[in-house]
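Reader: Got a minute to go through a structure with me? I'd like to talk about how the chains meet.

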Amino acid sequence: MSVCADAYTPRDTRNLRIFTIWCLSSAVMFVGVTFLIRKDIIPHGPLAWSLAIANFIVAFLAARSYLVFLRGADELLRRIQLEGLALGFGAGAVFMLSYRIFERLGAPKLDSAHPYVVMAIFWAIGQYIGTRRYGMGGER
Amino acid sequence: MINRLRELRTARGWSQGELAQRLGVSRQTVNAIETEKYDPSLPLAFNIAELFTLAIEDIFRPNGSGAAPVAARPPDRGFID
């Protein structure tokens, strides 16, 4: 039995699979729409707006599938996920507020998307810490 | 919280995975409860008690088992008292 099978109930596995599919769809959509609009392959008009709205809807559905996963998750898994989210949110907020001072001192200006990268990295770190804290060992 | 989950489980010859399946949680959760790294929610504690046909307090005890009952404790003091 793998580590994943130990940490997830069958429902968690199913919900996580759905979330992963939505995330991948959202990522592909985001990259594709950004490429098409940035390279002026499609003119700025109703079609471009439709694609931007479609991208928003897919991203929203990905977020919703995570909420479904979290609500239905095994209680320890939910705690680990929430601790990870808390760490990610906190790190992102601290980074966003603190970096402004560094920018005033001459540090390179960052894109508005960068705090989200910090959030995602610390979310993953938080999940790793939580998994380690509550232990993965024991008898099968 | 101290618990007797491992003792009760092994007495029935169940693996952690089997117990997890019966409770509808992950094996990681059962392991974390047994090693006292995680205190279960009240609904899960009730499910555990029901599964072993015992009262919750027969399975789970607070860390300091000699803790006074709530009624016997002195009233909480205010923040600025």
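Reader: So how many residues of chain A are in contact with chain B, and how many of chain B with chain A?

Author: This is a predicted model, to start with. In it, 18 residues of chain A are in contact with 18 residues of chain B.

Reader: And how much area do chain A and chain B bury between them?

Author: About 1,500 Å², with 42% of that on carbon and sulfur atoms.

Reader: What about salt bridges across the interface, how many there?

Author: The rule finds zero salt bridges between chain A and chain B. For polar contact, it finds four residue pairs across the interface, both residues at pLDDT 80 or more.

Reader: Which helices of chain A each supply at least two residues of the side that touches chain B?

Author: Those are α1 (3-7), α4 (75-104) and α5 (114-134) of chain A. The largest share comes from α4(A), with four residues.

Reader: How do the residues on that side of chain A divide by type?

Author: Six are nonpolar, five polar and seven charged.

Reader: Switching to a single residue: where is A:Thr9 found?

Author: A:Thr9 sits in the loop between α1 and α2 (10-38) of chain A.

Reader: Buried or exposed, that A:Thr9?

Author: A:Thr9 counts as buried because its relative accessible area is 9%, and the cut-off for buried is under 20%.

Reader: What does A:Thr9 touch, then?

Author: Leaving out residues up to four places away in sequence, A:Thr9 touches A:Asp74 in its own chain, plus B:Gly24, B:Val25 and B:Ser26.

Note on methods: Residues numbered from 1 in each chain as written. Chains lettered and ligands numbered in written order. Predicted model: local features only at pLDDT ≥ 70, side-chain atom pairs only at ≥ 80, totals over all residues. Heavy atoms only, no water. Contact = heavy atoms within 4.5 Å. Buried area = accessible area lost by both parts, 1.4 Å probe. Salt bridge = Lys/Arg side-chain N within 4 Å of Asp/Glu carboxyl O. Polar contact = N/O pair within 3.5 Å; in protein donor to acceptor, adjacent residues only side chain to side chain. Nonpolar A, V, L, I, M, F, W, Y, C, P; charged D, E, K, R; others polar. Buried < 20%, exposed > 50% of the residue type's maximum accessible area, 1.4 Å probe, protein only.
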